[in-house]
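Subject: Structure handover

Hello,

Here is the structure I promised to pass on. Please open it next to this message and read the two together.

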Amino acid sequence: MTLDEAIQQLHFSEAENDATESMSLESENAFEQHDAVHVLFDCGTSIQDEIAVHAWMIFATTANMSEMHRAFASQEHRKVLTGIGHLKLASKWIGSLPRIFSIILKSWQMKEKLPLEELHKLKELPVLEIRREYGIVLQECNSYKNTNPAQA
């Protein structure tokens, strides 16, 4: 399965309504990169997995983090975070520290960082080939394990 097919399947399995229609091109690209990291690093959409995706993006990709922060500063994203609550979110981050340290170690073991600015090229390649080429070693993810479209 190509990365593009896996991202499409992720969108379908998450029953996402296409919020990208009203986004700027920069924000749309940032969300697409974020979704690619979900697929390539085998993470779901629980709070813990979203934290893991952010860690993977920082340590294992060439993502421009200032662009990512601008994209995720949308009103809708802030509303979701407010709904979770600052205290609960902080406790989830603290609880995720062992996983984050593991992500840091695994990212250091990669052959090279994943070039997300070349996502248009990566989307044409099979997910397993991308993982092999960049030395991506998967972690155990709780919420995504049974639904990851890239495992097919």
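Below is what turned up, going from one helix and its loop to the contacts between elements. Please keep in mind that this is a predicted model.

Helix α2 and what follows

Start with α2, residues 25-40. Its 16 residues should span 22 Å at 1.5 Å a residue. The end C-alpha atoms are 22 Å apart, so expectation and model agree. Many of its residues are listed as buried, including Phe-31, His-34, Asp-35 and His-38. The end of the helix belongs to that list too, with Val-37, Val-39 and Leu-40 among the buried residues.

What comes after α2? Asp-42 does, with a positive phi near 60 degrees. This residue is not a glycine, yet its phi is positive. Asp-42 sits in the loop between α2 and α3, the latter being residues 47-60. Is Asp-42 buried or exposed? Asp-42 has a relative accessible area of 8%, so it counts as buried, the cut-off being under 20%.

The aromatic pair

How many aromatic pairs does the structure hold? There is one. Phe-41 and Trp-56 are the partners, and their rings are stacked. The centres are 4.3 Å apart, with 25 degrees between the planes. The planes fall under the 30 degrees cut-off, which is why the pair counts as stacked. Phe-41 lies in the loop between α2 and α3, and Trp-56 lies in helix α3, so the pair ties together parts that are 15 residues apart in sequence. Both partners are buried.

Salt bridges

A search of the whole structure gives three.

- Asp-4 with Lys-123: the closest N and O atoms are 3.4 Å apart. Asp-4 is in helix α1 (residues 3-13), and Lys-123 is in the loop between α8 (119-122) and α9 (127-134), so this bridge ties together parts that are 119 residues apart in sequence.
- Lys-123 with Glu-32: here the closest N and O atoms are 2.5 Å apart. Glu-32 belongs to helix α2 and Lys-123 to the loop between α8 and α9, so the parts tied together are 91 residues apart in sequence.
- Asp-49 with Arg-99: the side chains meet at 2.8 Å, N to O. Asp-49 is in helix α3 and Arg-99 in helix α7 (residues 97-109), so the pair ties together parts that are 50 residues apart in sequence.

Which residues do shared partners join into one network? Asp-4, Glu-32 and Lys-123 are joined in this way. Their exposure is worth a look. Lys-123 is buried, at a relative accessible area of 17%. Asp-4 is partly exposed at 29%. Glu-32 is partly exposed too, with 25% relative accessibility. As for the remaining bridge, Asp-49 and Arg-99 are both buried.

Helices α3 and α7

The bridge from Asp-49 to Arg-99 links α3 and α7. How do these two helices pack? Their axes are 9 Å apart and meet at an angle of about 30 degrees. Angles under 35 degrees count as roughly parallel, so α3 is roughly parallel to α7. The crossing of α3 past α7 is right-handed.

If you look at one region, take α3. This helix holds Trp-56 of the aromatic pair. Asp-49, a salt-bridge partner, lies in α3 as well. And α3 packs with α7.

Best wishes

Notes:
Residues are numbered from 1 along each chain as its sequence is written. This is a predicted model: local features need pLDDT of at least 70, side-chain atom pairs count only at pLDDT 80 or more; totals for chains, interfaces and linings use all residues. Side-chain values use heavy atoms; hydrogens and water are left out. Helices (H or I, at least four residues) and strands (E, at least two) are DSSP runs, numbered from the N terminus. Buried means under 20% relative accessible area, exposed over 50%, partly exposed in between (1.4 Å probe, protein chains only). The expected span of a helix is 1.5 Å times one less than its number of residues. Rings of Phe, Tyr and Trp (its six-membered ring) pair if their centres lie within 6.5 Å; planes under 30 degrees apart count as stacked, over 60 as edge-to-face and the rest as tilted. A salt bridge is a side-chain nitrogen of Lys or Arg within 4 Å of a carboxyl oxygen of Asp or Glu. Axes are lines fitted to C-alpha atoms, for helices over the stretch in contact, and angles run from 0 to 180 degrees between N-to-C directions. Angles under 35 degrees count as roughly parallel, over 145 as roughly antiparallel, 65 to 115 as roughly perpendicular and the rest as oblique. A crossing is left-handed if the near helix is turned anticlockwise from the far one by less than a right angle, and right-handed if clockwise.
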